[in-house]
Structures are given as C-alpha cells and as structure tokens.
Amino acid sequence: MSDKPSVLFVCVHNAGRSQMAAAWLEHLAGDRIEVRSAGSAPAGSVNPAAVEAMREVGIDMSAATPKILTVDSVRASDVCITMGCGDACPVFPGKRYLDWKLDDPAGQGVEAVRPIRDEIKKLVEGLIEEIAPEATK
C-alpha cells in the first residue's frame, strides 16, 4: 500500500479531458501522486487534437491509450474526478469525488482544445496544492 495520494480522472471516452488531466498531473507532480484515467465508454484512441495541444506545452501523450473504467480503479483511488460522465462512476464510502465542468474536446480542432488544456492545468495545480502541496515541482 502506497502512502502517496492517488487520483482517478474519468470522462466518457478517456480520449481527451481525462487524458490531458492525467498527463498534467504526472508532469506537475512527478511520481508523488499516483495517477489513473479511464472512461465509461472508451474510444479507440486518444483525441489527436488533445495530443497535439499537450505536445505544444512539452507533454507527450502520444503513447496514451483509452482505458475502461473499472470498480477496482475507483476503489484504488483516493480522489475520483469526473468530467461529463454522469453517474457512470461507482461510488464508495470514504472516497472523495469531484466533478470538473469542462467542454468536451471530441471533434474539435487544436485551437478549441487549447483553452480546455489550459483550464485543466489550472484545476490540476489547485488539486496538487490541496492533496499534496509538497508534490509541486
């Protein structure tokens, strides 16, 4: 069992918002926070516009793959952050649940994804300050 906090990001397709959030958290907190992402109905691949938008800020998500949301992934996480997946996330007592209201980048070009990427960064920075302030680089 790890002492470090763990976060699960969930969106419907696990192809845009949750992947960008996971990438930001890994980039900003390093290995001090355990990071997972999943989708209630995962897409076949990560949104290319999200990959490009993250590449622009020096983060490579090209190897990321959408994963299915499982009960075990929720159970193993301290904080579960949903992004537009409604009630698809199982709820366990003692877990912390947040819902981030973010535009869906699906079908959008990189120009439309940039502000979503930047908003996710701000939310992730706030999350780090809250759950693991010593994790900030």
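Contact, in what follows, means heavy atoms within 4.5 Å. With that settled, hello everyone, and thanks for coming. What you see is a predicted model, and I'd like to walk you through it by way of helix 1.

Let me start with Arg17, which sits in helix 1. Leaving aside residues up to four places away in sequence, Arg17 touches Cys11, Met83, Gly84, Leu102, Asp103, Asp104, Pro105, Ile116 and Ile120. Is this arginine buried or exposed? Its relative accessible area is 6%, and buried means under 20%, so Arg17 counts as buried. One of those neighbours deserves a second look: a polar atom of the Arg17 side chain lies 3.2 Å from the backbone oxygen of Leu102.

Now let's move along to Leu25, also placed in helix 1. Here the relative accessible area is 0%, so Leu25 is buried as well. With the same sequence neighbours left out, Leu25 touches Val7, Phe9, Gly30, Ile33, Val35, Val124 and Ile128. For a sense of distance, take Leu25 and Asn47: they are 22 residues apart in sequence, and their C-alpha atoms are 18 Å apart in space.

That brings me to the nonpolar cores. The largest has 34 residues, and Phe9, Leu25, Trp100 and Val124 are those with the most contacts inside it. Which elements give two or more residues to this core? They are strand 1 (6-11), helix 1, helix 2 (48-55), strand 3 (79-82) and helix 4 (110-131). Helix 1 supplies the largest share, eight residues. There is also a second, separate core of seven residues, with Leu8, Leu69, Val74 and Cys80 among them.

Last stop, the largest pocket. About 180 Å³ of space lies in it. Its lining is made up of 14 residues, and those nearest the centre are Gln19, Ala22, Ala23, Glu26 and Ala64. Two elements give two or more residues to that lining, namely helix 1 (17-29) and strand 2 (34-39). Which of the elements gives the most? Helix 1 again, with five residues. As for the chemistry of the lining, six residues are nonpolar, four are polar and four are charged.

So here is the picture to take back to your screens. Helix 1 holds the buried Arg17 and the buried Leu25. Helix 1 also gives the largest share of the largest nonpolar core, and the most residues to the lining of the largest pocket. Thanks for listening, and I'm happy to go back to any of these spots.

Note on methods:
Residues numbered from 1 in each chain as written. Predicted model: local features only at pLDDT ≥ 70, side-chain atom pairs only at ≥ 80, totals over all residues. Heavy atoms only, no water. 1 Å grid on protein atoms, 1.4 Å probe; cavity = no way out; pocket = protein on both sides within 12 Å on 5 of 7 lines; lining within 4 Å. Points joined across faces, edges and corners; volume = space filled by probe spheres on them. Helix = DSSP H or I, 4+ residues; strand = E, 2+ residues; numbered from the N terminus. Nonpolar A, V, L, I, M, F, W, Y, C, P; charged D, E, K, R; others polar. Core = buried A, V, L, I, M, F, W, Y, C linked by side-chain atoms within 4.5 Å. Buried < 20%, exposed > 50% of the residue type's maximum accessible area, 1.4 Å probe, protein only. Polar contact = N/O pair within 3.5 Å; in protein donor to acceptor, adjacent residues only side chain to side chain.
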